[in-house]
Amino acid sequence: MTEPTAATPQHRARRRRHGVVYGTVGVIGELLITLGLLLFGFLVWQLWWTDVQGNRAQAEIVREVVRETPPAASPSAGATEPAVKIAKPRHDAPPVLAEPKHATTFATMQVPRWDGEPERPISEGTDKATVLDVLGVGHYEGTAMPGDIGNFAVAGHRTTYAKPFNRILELKKGDPVVVRTVTLDGGPGTDTWYVYRVVSTQVVAPTQVDVIAPVPNDPSAKPTKRMMTMTTCHPMFSARERFIVHLELDYWAPVSSGTPAELVPGAKTPSADPTSTPSAKDS
Amino acid sequence: MYGWLWRHLPGPTAVRVLISAILVALVVVACFTWLYPAIAPYMPFNETTVGE
């Protein structure tokens, strides 16, 4: 140290002033570093932890929901037969659920194209706090219920909160989306499969709400078809646009009659002819 | 700030490191449980619902 041993009072005062300045700068620096780490932590939480939590919660909902179990294959079926009975498609007018109370989980959906994705619950309402962030897929209140004439419109997160519609871009025309209603009160439309197929996709501005009109994109028209519409964010990690998938009902079947062939790998859809049994069809 | 904290932690270096790690873990848990869920609705990329 080259400092003089006998520091004058002025020297000491200057050193103290310097100490205060450096200390303040140091604390500000540490606060900024801390803020950066907290923001990084937020990204980890938003992009990873909400998925972990959401997937756990939604799997729990699907596991706990009260519903019928589709029947197993008949005992006479050979080893080559699928382990479950295949439901016969019905093309007559399907039974339709009454719209349930807000945040009620009334159905689940499965998308065979999204191999590895779990079955997702569908609940009434589309607000984030009570439905989309915690219950998975949400049904736009006031739009048609599954199977009904009109537009059964649902929303789901593309990223974060278990991202049920993350792989929406993989859907191709003709792909099945299988909706299965739960037992609820056991009335019409409960415990029913509704198999929809993709007819078109579009990218729209968030303000373009006509995509969920009873006749998609034509709010004044009278609906005649049984449509379904899936909406989610586009592009990923942004809320700038919406990615929309329109589907149309292919067939329906009671859960008690079996499982749709779309959900059974290697199974063929049996004909709607009541005289042909699924096992006779497959052999 | 952190220097002050470090000087006021008791025990030898190993114990101080352990206490620091526990404190950091507590802060992370508190953020994941309360802070981040509370601020998430105000993030611009979370305006996701159509038609609102």
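Where is the place of Arg180(A) in chain A? In this predicted model, Arg180(A) sits in strand β5 of chain A, the run that covers residues 176-181. Its surroundings make a convenient starting point for a walk through the structure. Arg180(A) counts as buried, because 26 C-beta neighbours lie inside 10 Å, where 20 or more are required. Once the neighbours within four places in sequence are set aside, the contacts of Arg180(A) are with Ala107(A), Thr108(A), Trp193(A) and Val255(A). Glu170(A) is ten residues away from Arg180(A) along the chain, and 22 Å separate the two C-alpha atoms.

Trp193(A), one of the contacts of Arg180(A), leads on to the largest nonpolar core. This core has 48 residues, and the members that touch the most other members are Met109(A), Val177(A), Trp193(A), Tyr194(A), Tyr196(A), Val245(A) and Leu247(A). At least two residues of the core come from each of β1 (105-110), α2, β4 (150-155), β5, β6 (192-204), β7 and β8 (241-254) of chain A. The most is given by β8(A), which contributes eight residues. Strand β5, where Arg180(A) is placed, is thus also among the elements that supply the core. For Val245(A), again leaving aside neighbours within four places in sequence, the contacts are Ile168(A), Leu171(A), Val198(A), Thr201(A), Thr229(A) and Met230(A).

Attention can now turn to the second chain. Two helices and zero strands are found in chain B. Of the 52 residues in chain B, 8% are buried. How many residues does each chain bring to the contact? Chain A provides 22 residues and chain B provides 13 residues. On the side of chain A that touches chain B, α1 (9-64), α2 (128-132) and β7 (226-234) each supply at least two residues. The largest share of that side, eight residues, belongs to α1(A). By residue class, the side of chain A that touches chain B holds twelve nonpolar, six polar and four charged residues. Both α2 and β7 of chain A therefore appear twice in this account, as suppliers of the contact with chain B and of the largest nonpolar core.

A few confidence figures help in reading the model. The ipTM is 0.88 and the pTM is 0.84. For chain B, the average pLDDT is 86, and 87% of the residues score at least 70. Predicted coordinates should not be read in detail where pLDDT is low.

Notes: Residues are numbered from 1 along each chain as its sequence is written. Chains are lettered from A and ligands numbered from 1 in the order in which they are written. This is a predicted model: local features need pLDDT of at least 70, side-chain atom pairs count only at pLDDT 80 or more; totals for chains, interfaces and linings use all residues. Two residues are in contact if their C-beta atoms, placed from the backbone, lie within 7 Å. Helices (H or I, at least four residues) and strands (E, at least two) are DSSP runs, numbered from the N terminus. Ala, Val, Leu, Ile, Met, Phe, Trp, Tyr, Cys and Pro count as nonpolar, Asp, Glu, Lys and Arg as charged, and the others, Gly among them, as polar. A residue is buried if 20 or more other C-beta atoms lie within 10 Å of its own, exposed if 12 or fewer, and partly exposed in between; C-beta atoms are placed from the backbone. A nonpolar core is a set of buried Ala, Val, Leu, Ile, Met, Phe, Trp, Tyr and Cys residues joined through C-beta atoms within 7 Å. pLDDT is the predictor's confidence in each residue, from 0 to 100.
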